[in-house]
Amino acid sequence: MNDDTSRTSLPLVLEAPRGRRKPPRHLADLTPAERKEQLSGMGLPGFRARQVAAHYFARLVDDPAEMTDLPAAQRDDLVAALLPPLMTPVRTLEADRGTTRKTLWRLFDGSLVESVLMRYPGRTTMCVSSQAGCGMACPFCATGQGGLQRNMSTAEIVEQVIAGARSLARGEVPGGEGRVNNIVFMGMGEPLANYGAVVGAVRRLTDPAPDGYGMSARGITVSTVGLVPRMRQLADEGIPVTLALSLHAPDDELRNTLVPINTRFSVAETVDAAHHYFERTGRRVSIEYAMMRDVNDHAWRADLLADVLNEHGRGWVHVNLIPLNEVPGSQFTRSRDADMDEFVRRLEAKGVPTTVRDTRGNEIDAACGQLAALED
Ligand code: SAH
């Protein structure tokens, strides 16, 4: 310790907390080899990294006191090196008798993101965020109104899932113990605009335990506005995740207004990249279409949508209609049931398999960033 305060005061002022720029580095940011290096660099035994990973990914333990296979003298250092705190829950809202839980998280720099856990009989899906805010500015989406704050780190993305997995393992969600089976990147943010961190998170979640969470890539859906070069890159990544494309309109004129990135990548280019994804991976692509009253729900648009998709043949795609989750103050409202039924009928008549998304969690605004928006 330096007791010469007159000499240290200047550097202390310069080093005063100005906010850390990057999220803390966590084992979920690192490959198994990098975790070992990190420990060795700190004078700690590298082989302990795997034990710490087992606590994180397999045993779902976060209290160092329970990590009894780590020597007591090293435990705090190992945990500080590999498991720094990443986020704290601000609040959790529940619906469907506790089987739908939305959590608002505060990240190290005060950014707010949210995740949603949805438990169904026999499986649990988590909807996670990939960015704090979003830069895509889709006018019907609550998150799109606030702009982008920053990209999330790989570990911040993974931690949302592990937090859900912990609450399932601890029996906090009605239905007994369970695991996370499905992940959808449909929370806040545009996942393909944070490509490296999202692919890193997919790898951590699919790496076999204890190095990762050990889930199937087939259970993971990455949803995008249609960043065409990144869709093509993802097709070459060799991880068979499901791709969801947020189309919302079959014609450029309307899509330019609903999904502004369409002015860079047209409907034709975007659908072409989605079809390429199917060809490379064999994974059927999901087309997201939020049904907005008198905006995009006309019968002729259903016909046009089917034609645009069928141009690439049959069997490669299905359409998921999302009844619009109405955002307070927004001009967009949900389609009438009769218009939705007709839309489905027209698509199916042209051979396009179509489902209407279950609106679970609607009453807790679990689809569109409203909770975080209210907190600001
Ligand atoms: N940026 C990604 C993930 C966004 S959220 C993407 O755009 O695909 C996942 C889905 O929810 C997207 O299809 C998005 O367009 C849709 N969505 C956004 N706001 C909505 C709302 N108010 N009602 C219904 N769906 C909405």
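The lining of the largest cavity is where I should like to start: its residues divide into nine nonpolar, no polar and no charged. Please keep in mind throughout that this is a predicted model. The nine residues in question are Pro-191, Leu-192, Tyr-195, Val-198, Val-199, Val-202, Val-222, Leu-234 and Ile-239. Which element gives the most to this lining? The answer is helix H7, residues 195-206, with four residues. The space in this cavity comes to about 40 Å³. A search of the whole structure finds one cavity of 30 Å³ or more.

Let me stay with helix H7 for a moment, and turn to Thr-206, which is placed in that helix. A polar atom of the Thr-206 side chain lies 2.8 Å from the backbone oxygen of Val-202. Val-202, as you will recall, is one of the residues lining the largest cavity. If we leave aside residues up to four places away in sequence, Thr-206 touches Gly-214, Met-215, Ser-216, Ala-217 and Ile-220.

I now move to the ligand. How many residues surround the ligand? There are 18, and the closest are Gly-189, Ser-223, Ser-246, His-248 and Asn-325. The composition of this shell is nine nonpolar, seven polar and two charged residues. The shell thus includes polar and charged residues, whereas the lining of the largest cavity has no polar and no charged ones.

Several polar contacts to nitrogen atoms of the ligand deserve mention. For Phe-140, a backbone N or O atom lies 3.2 Å from a ligand nitrogen. For Gly-189, a polar backbone atom is 3.0 Å from a nitrogen atom of the ligand. In the case of Glu-190, the side chain takes part: one of its N or O atoms is 3.0 Å from a ligand nitrogen. As to burial, the ligand taken alone exposes 530 Å², and the protein buries 95% of that.

Phe-140 also leads us to Gln-145, a residue of helix H5, which covers residues 142-145. Not counting residues up to four places away in sequence, Gln-145 touches Cys-138, Pro-139 and Phe-140. Which backbone oxygens lie at a short list of distances from a polar atom of the Gln-145 side chain? The backbone oxygen of Cys-141 is at 2.7 Å, and that of Pro-139 is at 3.4 Å. Gln-145 and Cys-134 are eleven residues apart in sequence, with their C-alpha atoms 8.2 Å apart in space.

My last topic is the second largest pocket, whose volume is about 510 Å³. Its lining is made up of 28 residues, and those nearest its centre are Asp-62, Trp-105, Glu-159, Ala-163 and Arg-166. Where in the chain do the lining residues come from? At least two residues each are supplied by strand S1 (87-95), strand S2 (100-107), strand S3 (112-120) and helix H6 (154-169). Helix H6 gives the most, with six residues. By class, the lining of this pocket divides into 14 nonpolar, eight polar and six charged residues.

To close, I return to the three sites. The largest cavity has a lining of nine nonpolar residues, with helix H7 giving the most to it. The ligand has 95% of its exposed area buried by the protein. The second largest pocket has six charged residues in its lining, and helix H6 gives the most to that lining.

Terms used. Residues numbered from 1 in each chain as written. Predicted model: local features only at pLDDT ≥ 70, side-chain atom pairs only at ≥ 80, totals over all residues. Heavy atoms only, no water. 1 Å grid on protein atoms, 1.4 Å probe; cavity = no way out; pocket = protein on both sides within 12 Å on 5 of 7 lines; lining within 4 Å. Points joined across faces, edges and corners; volume = space filled by probe spheres on them. Nonpolar A, V, L, I, M, F, W, Y, C, P; charged D, E, K, R; others polar. Polar contact = N/O pair within 3.5 Å; in protein donor to acceptor, adjacent residues only side chain to side chain. Contact = heavy atoms within 4.5 Å. Near = heavy atom within 4 Å. Areas by Shrake-Rupley, 256 points an atom, 1.4 Å probe, with all protein chains shown as cover.
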